[in-house]
Amino acid sequence: MKGTLRRVLLVALFLGVSVFSLYASEGSVTEVMAELVFQIGIILFAVRLGGGLVKKIGIPSVLGELLAGVAIGPYALGGIPVPGFFPHGIFPLHEGALAVSPELYSFATVASIILLFASGLETDIGLFLRYSVAGGIVGLGGVAFSFILGDMVGMFLLHTNFMDPTALFLGILSTATSVGITARILSDQKKMDSPEGVTILAAAVFDDVLGIIMLAVVLGIVAVINGSGGTTSLDLAAIGGIAGRAFGIWLGFTALGLFFSKKIAGFLKIFKHSYDFSVCALGIALILAGIFEKEGLAMIIGAYITGLALSKTDIAAVIQERIHGLYEFFVPLFFAVMGMLVNVGELFSPSVLTFGLIYTGVGVLAKILGCALPSLALGFNAKGALRIGTGMVPRGEVALIIAGIGITAGILSEQLFGVVIMMTLLTTLVAPPLLNFMLKWPGRGTRKEAKSADMVTLDWDFHSDEIADLVIDTLLKDLRAEGFYVQMMNIDDGLSQARKNDIALSITESEHKVTIETAPEDEAFVKTSMYEVILKLHDAIERLRESSNPESLKKELSEGAARSDKSLLKLIKKETVSTNLKGTTKVEIITELVDLLEKGGAIRDKETVINDVLAREKTMSTGMQHGIAIPHGKTEGIEAMSVAIGVKKEGIEFGSLDGKPSTLFIMVVSPKKDSGPHIQFLASIAYILKDKDLVERIHHAKKPEDVVKLIQDASVGA
């Protein structure tokens, strides 16, 4: 599987390298190639560092990737000469419309196609159609206000007319909404399914579609203006003809894509393996992108339409998952290259700063007014309307792609490109705190109580995390056997999605509870599937009970050989060791050990940790033989895998295998969803403590650090 992605990346690299021949002589191809691969390597590290740093302070990683590009670009660090290697800098300033090399920009272009293809795949057509009236009106209002006011800012500040290509592009750039930031805030505030949340998401879909249509129209108008010697005095009939052609091409391809979506998916399935048909789906996006470019429209429009056509098919989620590696490689590179095009010197000039602040202020106001005013006519009160308007404020990926098209075509100058970058940064930074404030404002956002969505939610409580895990694993396996395409949407949140033809299931596991959302007509299918899963597990557990004895297995564990991992034993710290426990019962000892972990700073929720360890004890005591007990468990109450050790010389009853009191206690707890070496640690410590002499020396240790040293020294010889 991974090999397929590697081959794709190598092919992509080869295609990029092949561009060199257009710009370099036969003798310098190797030199250009070496420079390109070096640049890409530097960018990959820079975007990971930049994205990771800003995420730590709650800012979307895309802004960190963009700023990383600004920092290492030709107008900043990238232009500093490196004697002996890069006499003009690692990212030398190139002449012409682009500040970076054509080879590097070609990679950014492929990245923009992948980005828009993925955006199309993520588009919820069902949401689009279901909320087509409300979402359409709100989206149309936001696009109309933003385009007109953005164009007018260009018209007045550039002293030109409304139909000037630069003013038109400023209008288009003002329309693009980055709803990903808003969606994250809505999710954090549990407002995704609220009337405002649903309307924002539906309006964002319309916003994307309308923005793509308007880009097609504006590019058509710009082409005619450029073809007519630069005159902008086109009559209404000419504008209507251009708009009609661009809209017709978009509508025709979109309609064909949606109508034949299942046929296209069926054709892709010929390639059998999910990695193969996912890569071929991207191939269709690249081909359609090329067709649109040949027709004088933007490549990203063709890529978006391809994704949109496949978004409703049962392979959409699988394609998203399979191209994720390509997405993570290319898309941050795109944002970095966009940052490199920013002339830092020009960006901080008074004229650019003034233009940028005015353009940003008008852009924020246009989205709020354009989306809030129509919302008032759709049953929302002022509070709800402001929430919707604020949620549509952030600009992002699409704005940067359109800006790249503008600067490449010579429509935007370096100064105006800097203005667009400033607008993108400021709206993305301003929107989250504003929307958070609006959502926390008490009271509903609608005039009347909103009706529930037309979906059914089915819940099961299994009273055990382990049973819930088994149910989910078995259910997903059965669904795959039924021909469903299953995708783990978010492993940490226990969210999966299963699709087959028109059946869609959203499956969530939250501790010991399982929830499935689906359409009413599929409720019987879900209940039948769950019944079969429970019946199958019940039968398996009965057979397991008959064929094995847990007590004998525990005894074998305490006597068997094991591999001792010295690195794992470094988890034992003197701060979480006690040589004189005070407790006289199992509960008191476990509580005392958890107190040690709390003092060590590892505990998030003390009561949760205690309850989860005691729950594990109820399943079967962790008292071993020879006075040793290893209480353990997985819990949501701890940040990272942690160990506490305690000695109780008098010993207490702990349900040990040999019936003797337990005197040495080693507790290990790990985060519930962590994939860390929990079992490996248990095996390692159990093996080391088979040495009775070591156990005796631990009993007589005076200080916590002595216990730590004894165990770690023993692990060296183990």
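In this predicted model, His626 turns up in the loop between α26 (606–619) and β7 (628–629). Its backbone is a bit of an oddity: phi of His626 sits near 60°, a positive value in a residue other than glycine. Another histidine, His159, also has a positive phi, about 55°, although it is not a glycine. His159 belongs to the loop between α7 (132–157) and α8 (165–173). With a relative accessible area of 73%, over the 50% cut-off, His159 counts as exposed.

Turning to the helices, α5 covers residues 102–122, 21 residues in total, and spans 30 Å from its first C-alpha to its last. That is close to the 30 Å expected at 1.5 Å a residue. As for its surroundings, 17 of the 21 residues of α5 are buried, so this helix is largely enclosed by the rest of the structure.

Then there is a helix pair to look at. Two packed helices are described by the angle between their axes and the distance between the axes. For α18 (residues 350–376) and α21 (residues 414–440), the axes come within 9 Å and cross at roughly 45°. An angle of that kind is neither under 35 degrees nor in the 65 to 115 range, so α18 and α21 are oblique to each other. Their crossing is right-handed. On the α18 side, the contact is made by Val352, Leu353, Phe355, Gly356, Leu357, Tyr359, Thr360 and Val364. Helix α21 answers with Gln415, Leu416, Val419, Met422, Met423, Leu426 and Thr427. Sorted by class, this α18–α21 contact comes out at 11 nonpolar residues and four polar ones, with no charged residues.

Notes:
Residues are numbered from 1 along each chain as its sequence is written. This is a predicted model: local features need pLDDT of at least 70, side-chain atom pairs count only at pLDDT 80 or more; totals for chains, interfaces and linings use all residues. Side-chain values use heavy atoms; hydrogens and water are left out. Axes are lines fitted to C-alpha atoms, for helices over the stretch in contact, and angles run from 0 to 180 degrees between N-to-C directions. Helices (H or I, at least four residues) and strands (E, at least two) are DSSP runs, numbered from the N terminus. Angles under 35 degrees count as roughly parallel, over 145 as roughly antiparallel, 65 to 115 as roughly perpendicular and the rest as oblique. A crossing is left-handed if the near helix is turned anticlockwise from the far one by less than a right angle, and right-handed if clockwise. Contact means heavy atoms within 4.5 Å. Ala, Val, Leu, Ile, Met, Phe, Trp, Tyr, Cys and Pro count as nonpolar, Asp, Glu, Lys and Arg as charged, and the others, Gly among them, as polar. The expected span of a helix is 1.5 Å times one less than its number of residues. Buried means under 20% relative accessible area, exposed over 50%, partly exposed in between (1.4 Å probe, protein chains only).
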